[in-house]
Amino acid sequence: MKLVIHGKNIEITDAIREYVHQKIEKAVNHFQSITNEVDVHLSVARNPRINPRQAAEVTIYANGNVIRAEESSESLYASIDLVADKIARQLRKYKERRQDHKTHPQPTEVVIPESIVTDLIGDRTAELPNEVVRTKYFSMPPMTVAEALEQLQLVGHDFYMFHNSETGEINVIYERNHGGYGVIHPRNGNGNTNGKNGKASHTNIVMPEKSHSSK
């Protein structure tokens with residue numbers, strides 16, 4: 001298993017490196033068969049008004065999937081402890097979900113409304129940062145909407161961009177404020193989803209409840 005440690009506004013000392021290895025390797029010890037690479041990003045905020053100031057982020061690449069966790073506190077070592085516990089829970093959920101899919105595959109029902117959603121933020125106030133503070137690059141292998149939903153749950157964000165294997169488009173799946181999930185994909189004026197004019201069509205995803213009864 002490959003473990004890479006990055007630092008922002010902080011020097012990665014031997015003591016910090018040893019502590020990260022100790023905590024993160026212990027957290028993923030039972031999941032090494034599905035773990036390919038672990039990326040640890042440690043950072044300290046320079047702005048004294050930001051509290052907590054010290055953050056630890058762990059990204060795990062597991063069999064083509066990405067599992068992510070992030071924690072912050074006033075102590076870097078405490079943040080490492082918190083993120084190690086969190087990533088262990090994420091890995092456990094991922095492994096259980098894989099086993100559940102193998103034994104009880106669940107279909108995903110997709111309901112596509114006819115109307116185009118123009119208001120994507122509802123009654124929330126849009127807030128944009130003054131500058132781009134971080135840029136991320138990641139591979140985008142083709143996947144289905146169901147697979148993208150699983151990735152969204154693993155990375156811990158409220159949205160996930162993916163390459164739709166069924167349409168060839170770049171889509172965004174997100175968690176809706178009022179429950180459930182939605183998918184945004186490009187749409188032109190004729191109603192075709194080829195993204196020529198930048199308009200977005202909206203898809204609601206309804207997850208079916210698992211049945212506990214047997215026939």
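Leaving aside its neighbours within four places in sequence, which residues is tyrosine 77 in contact with? Ala15, Ile16 and Tyr19 are the residues in question. Please keep in mind as you look around that this is a predicted model.

## Tyrosine 77 and its ring partner

Tyrosine 77 belongs to helix α2. With a relative accessibility of 33%, tyrosine 77 counts as partly exposed, because buried would require a value under 20% and exposed a value over 50%. Its C-alpha atom is separated by 8.9 Å from that of alanine 56, a residue 21 positions away along the chain.

The structure holds 1 aromatic pair. The ring centres of tyrosine 19 and tyrosine 77 are 4.8 Å apart and the ring planes stand at 80°, so this pair is edge-to-face. The pair links distant parts of the chain: tyrosine 19 sits in helix α1 (residues 14-28), tyrosine 77 sits in helix α2 (residues 76-103), and their positions lie 58 residues apart in the count along the sequence. If you are wondering about the two numbers used here, a pair of aromatic rings is described by the distance of the centres and the angle of the planes.

## The chain as a whole

Stepping back, the chain contains 3 helices and 10 strands. Read from the N terminus, the elements follow the order β-α-β-β-β-α-β-β-α-β-β-β-β. Of the 215 residues in the chain, 33% are buried. The chain exposes about 14100 Å², and carbon and sulfur atoms supply 49% of that area. Among contacts with a separation of 6 or more, 45% are between residues 24 or more positions apart.

## The four-stranded sheet

Strands β1, β2, β3 and β4 form an open sheet in the order β1-β2-β3-β4, with mixed pairing. Its edge strands are β1 (2-8) and β4 (65-73), each of which pairs on one side only. From one strand to the next, the twist averages 15°. Helix α1 packs on this sheet and touches β1, β2 and β3, while the direction of α1 makes about 135° with that of β1.

Inside the sheet, strand β2 (residues 37-44) and strand β3 (residues 54-62) run antiparallel to each other and pair over 8 bridges. One of the residues to look for is valine 40, whose bridge partner in β3 is valine 58. When you trace these strands on screen, a general point may help: in a regular strand the side chains alternate between the two faces of the sheet.

## Salt bridges around strand β4

The structure holds 4 salt bridges. Three examples are listed here, including their N to O distances.

| Acidic residue | Basic residue | N to O distance |
|---|---|---|
| glutamate 57 | arginine 68 | 3.4 Å |
| glutamate 70 | arginine 68 | 2.3 Å |
| glutamate 71 | lysine 86 | 3.7 Å |

Let us take the pair of arginine 68 and glutamate 57, which meet in a salt bridge. Arginine 68 lies in strand β4 and glutamate 57 in strand β3, so the pair ties together parts that are 11 residues apart in sequence. Arginine 68 has a relative accessible area of 11%, which means that it is buried. Glutamate 57 also counts as buried, because its relative accessibility is 4%.

Arginine 68 has a salt bridge with glutamate 70 as well. Glutamate 70, at 33% relative accessibility, counts as partly exposed.

Next, the side chains of glutamate 71 and lysine 86 meet in a salt bridge. This pair links distant parts of the chain, with glutamate 71 in strand β4 and lysine 86 in helix α2, 15 residues apart. Glutamate 71 is partly exposed, with a relative accessible area of 22%, and lysine 86 counts as partly exposed at 28%. Through salt bridges that share partners, Glu57, Arg68 and Glu70 are joined into one network.

## A hairpin further along

Strand β7 (residues 159-164) and strand β8 (residues 170-175) pair in the antiparallel sense over 5 bridges. Phenylalanine 159 stands opposite tyrosine 174 in β8. The hairpin of β7 and β8 has 5 residues between the strands, and glycine 168 in this hairpin takes a positive phi near 80°.

Terms used:
Residues numbered from 1 in each chain as written. Predicted model: local features only at pLDDT ≥ 70, side-chain atom pairs only at ≥ 80, totals over all residues. Heavy atoms only, no water. Pairing = 2+ DSSP bridges. Helix = DSSP H or I, 4+ residues; strand = E, 2+ residues; numbered from the N terminus. Buried < 20%, exposed > 50% of the residue type's maximum accessible area, 1.4 Å probe, protein only. Contact = heavy atoms within 4.5 Å. Areas by Shrake-Rupley, 256 points an atom, 1.4 Å probe, with all protein chains shown as cover. Phe/Tyr/Trp six-rings, centres within 6.5 Å; stacked < 30°, edge-to-face > 60°. Axes fitted to C-alpha atoms, helices over the stretch in contact; angles between N-to-C directions.
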